[in-house]
Each structure stands twice: as structure tokens, then as C-alpha cells.
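Reader: I'm new to this one and would like to go through it slowly with you. Could you show me what we are looking at, and then take my questions as they come?

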Amino acid sequence: MRVLKFGAVWCSGCLIMKPRWKEVEEENPWLQTEYHDFDNEKEIVEKYQIDNTLPTFIFLDKNDKEFLRLNGEVSKGELLKVLNDNKNR
Amino acid sequence: MTRIKYLIIFLFTLFFLFSSPVQAENKVNVYFFWGDGCPHCAKEKELLEYYQHKYSYVEVLDFELYNNFSNSKTLSSVTSILGTRVDGVPFTVIGDKSFSGYSETISPDQISERIEYCYNNNCPDSLAKLFEPESNNIVADNVIEEQTASNSNKIKDKKFINVPGLGEIDAVNFSLPLITIVMGVLDGFNPCALWTLLFLISLLLGMENKKKMWVLGSAFIIASASVYFLFMAAWLNFILFIGFIIWARLLIGGIAFLGGSYNLKEFLFNKNSGCKVTNDEKRQKVFTRLKQIIQQKSFWISFVGIILLAFAVNLVELVCSAGLPAVYTQILALNDLAGWQYYAYILLYIFFFMIDDLFIFFVAMTTLKMTGISTKYSRYSKLIGGVIMLIIGILLIFKPEWLMFG
């Protein structure tokens, strides 16, 4: 599983999510994550059609197919639940 | 001799027939309709009291409208007699002429000229019949009712509540500062104003010169607060200038009602707590300008540039506040305060409006790490702000006297 994290430096919610993700990543070393800046990485932003709310988290399976998209601030518990439920994808 | 006697009697009669012996006792009635807490009314009341004290022939009959329903009925009769429309208070009738509103630069001269004219020319008193002895009970009733209203106001003015830990608090004196703080904080959670500051901080954190980092960041915050102060002060003066016009208050009440409804709609139907991506092009332009300003080698160019940019960005973002500062200044205008107190309250509002910005800035500057404020707070501020705006909107339209705290 891979998670694409879209955020921006001006987005307060994205700043709130940064340390939350850091904790989740430390607790799940197997997890692959990538951060993309909304303003500077327009190609991938357009590819995944990020145009409404930030932060946006896109969960991809082994075949790089999107199976879940979360918008806005998400609790650590909710993130861990998603990861545990979809660990084998 | 008899002829001379008759001539003297004739001349004597003629003299007293055409001269005006009552002129010396000529009374000028000033009918003054006003509202409790209306600052323009307070100023005119002061002026009329001065005239009444100075000139024995001036009698001021005053009718308070906000707390006295029978006076409102009297005003309706007055407008029917005069065949005029009353758009607001103060409303003054001298002789057969009425004055709507009060302006410090025009009204004192107009009123004193009119009093003098009526005294010298015995101008017809259009309202005399309404207040003649047989209908004098209206005035008498009003005096009694006003006295009662004034007494009950005195009791109302001293409402003490017991707050654990703080003791007794005068609810009236406590209300305006409290509403200032609450509205300032709620306005501050508006995310529109925050994005430029966050981007600026991200640029400042990359600087080597820490002193420059502090100065430029502080300049941006102070300039942003100044724009808000100038806007609110200008708006307050505008409201105080046109404050006697009822429709202005109704219009702002309508804005508060719509703003409150919008905030509640956002809370109920937009449960997503993230940052909305809007105005991509405008944001990119501002970011490019900010980068150019920060990268300037000359400190002074950066300093002036950041102040100008703060002014420009904040002026545009004022629209985003859904009318909160406009509604707040209307509440201020309803309260009869000294000039400096109005500005002190605006400063208090701005301090609490900026408190989240100050928190983010100081944390970032001291820890050299960016921090945000959860957008969840912004969502709940929409709920609380929406409810408060709705209540204020309704009160501004139907019960403005409830918003007059002092």
C-alpha cells in the first residue's frame, strides 16, 4: 500500500496533519508515503484531480489503483484503522 | 381737551393692539423625539438642555421612543399632523418646522436660528393643539411613564451577577467587552486571513538573519491589524454619521442575519474540515510577490513591500469576514461611548481577532517550526458565530435597545 499526501504550506489543516502522519509512519515502518505540494507539483495534482479541499490523502493498492480518498483533517485512530484494514492490499 | 384725551386713548389702544406685549413672554416649544443610547440624540439632548438653561423662553418637551411605546404613538400623531415621514431619531419640531437627524457641524446653528426666529416672529406651533390643556394628559402621561421607564432603567442599569471566583460583576458593563472578545475571536478563526501569514512564515523560516525574520513577520502582522483598524474606524464613523437613519440599522441587521444563516449552512452542510482550494491564480500571484519581497537584498525595500502587500491582501480578505466587523461596529455605534472608548473597543476586538495569528507567528519564530490551528475550530466558530450573528441580526431589526449595554 502507498499513500499520496497532498498539502500546501498555507493550509492550516495540512500543518496539523504533518505530525499526525509522522507518528503513524513511525508506528508502521512498512508503509510507503509521498508528500506532494499542491502549488509546486501541478502535474501530479492534476493527474489525481486535487481541486477542492486540502489536505487530501489518496490510498493506492499494490497495483497503484486508488481504493480510498480522505479529505481534510483525519484523526490518528482513523488513519490506523484504514491502514490495518487494508494492510494486504 | 376732550379731543386730546380721546386721541391719547386711541393711540394707547392702537399701540397695545399692534405691538406684541406677549413677545417678552413668547415661549418656544421644542419637541424632541429621541432614543435611549443613540449617540446623536445624546448630543442634541445636551444642546437642547443648554438652550433651555440659557433662554427662559425655550421649553423642551422630550419623548424617549425606544423604552416608551406611548411616545412612539405620539410621534405617529406628530407625523400625521406635519404630513412628514420620520426616518430615524433624533427628530425635532420647532414651530412648524421639523429637523431629522443631528450633525455637530450643522444642527446647533440651524436649531438656534430656528428658536430665535420663532421667538422673534411668534411662528405657528404645529403641535400646540396636540399638547393643548385638554390633550395635555398625553404630555403628563409621558412624563410619568418616562419617569417610570427612567427608574426601571436605573434598576436595569445595575444588574449584578455573581460569577464564582470573580465575585459580583455588573452585567451591563461586562456585556460590551464580552461581546467584543467573542466576536473578535470568532472573526479571527476565519481561515481567509491566515493563508498569507502561513506562506510568509514558511519563507521567513528559511532566512538566516533571525532579526530580519522577526521584523518582517511583525511588520506584516501589525500592517494587517492596521488595515482592519482603519476599516473598522472608518465604518464606525460612517455608521455614527448616518446612525440616525433607521434603514441603515435595518440593512446591517439584514447583513448579520444573512451572514449568520450562511455560517450555519456551512456548519451543517460542509462537514469537511479541510482548507478549501479557491482563487488559485490570485494566491499564486500573492506568493510570487511575497517571494520577491523577501528575497530583496535591501531590508527597507522588503520592509515597505511587506507592509504594502499586507494592506492589499487584507483589504481583499475583508469581504471574507461575512460582515462581522461591520455588525460589530454597528453594535458599538448603538452604545453611547466617549470617542476614545470606541477606538479602544476596536483595538480590543482586533487584538482578539489577531490572537491566533500571533500564536502561530510566535510559536513558529521561537521553535522554527510551522504550526497550524485545527480547521475544526474554524468549523465550530461557524456554528457559534452563525448563531450570534443571527441573534444580533434579529435584535438590530426588532430590538436594537437590547444591544445598548451602557
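Author: Let me begin with a term: a residue is called buried when its relative accessible area is under 20%. Please also keep in mind that this is a predicted model.

Reader: Okay, so how much of chain B is buried?

Author: Of the 406 residues in chain B, buried residues make up 46%. As for its elements, chain B has 14 helices and seven strands.

Reader: And what share of the contacts in chain B join residues at least 24 apart?

Author: If we take the contacts between residues at least 6 apart in sequence, 77% of those in chain B join residues at least 24 apart.

Reader: Let's switch to where the chains meet. How many residues are in contact there?

Author: On one side there are 17 residues of chain A, and these are in contact with 22 residues of chain B. The two chains bury about 1,700 Å² between them, with 58% of that area on carbon and sulfur atoms.

Reader: Which residues in chain A lose the most area to chain B?

Author: Those are Val9(A), Trp10(A) and Glu73(A), which together account for 38% of what the chain A side buries.

Reader: How many salt bridges are there between the two chains?

Author: The count between chain A and chain B is one, and it is formed by Asp39(A) with Arg283(B), whose closest N and O atoms are 3.5 Å apart. Across this interface there are also two residue pairs in polar contact.

Reader: Which elements of chain A supply the side that touches chain B?

Author: Helix 1 (12-27) and strand 3 (53-54) of chain A each supply at least two residues of that side, and helix 1 gives the most, with four residues. By class, the side of chain A that touches chain B has seven nonpolar, six polar and four charged residues.

Reader: What does strand 3 of chain A join in chain B?

Author: Strand 3 of chain A is joined by two bridges to strand 7 of chain B, residues 275-276, and the two strands run antiparallel. Within this pairing, Thr53(A) stands opposite Lys276(B).

Reader: Back inside chain A, then: what do strand 4 and strand 5 form?

Author: They form a hairpin with five residues between the strands, and Asp64(A) in the turn has a positive phi of about 60 degrees. Five bridges join strand 4 (residues 56-60) to strand 5 (residues 66-71), again in an antiparallel arrangement, and Ile58(A) stands opposite Arg69(A) in strand 5.

Notes. Residues numbered from 1 in each chain as written. Chains lettered and ligands numbered in written order. Predicted model: local features only at pLDDT ≥ 70, side-chain atom pairs only at ≥ 80, totals over all residues. Heavy atoms only, no water. Contact = heavy atoms within 4.5 Å. Buried area = accessible area lost by both parts, 1.4 Å probe. Salt bridge = Lys/Arg side-chain N within 4 Å of Asp/Glu carboxyl O. Polar contact = N/O pair within 3.5 Å; in protein donor to acceptor, adjacent residues only side chain to side chain. Nonpolar A, V, L, I, M, F, W, Y, C, P; charged D, E, K, R; others polar. Pairing = 2+ DSSP bridges. Buried < 20%, exposed > 50% of the residue type's maximum accessible area, 1.4 Å probe, protein only.
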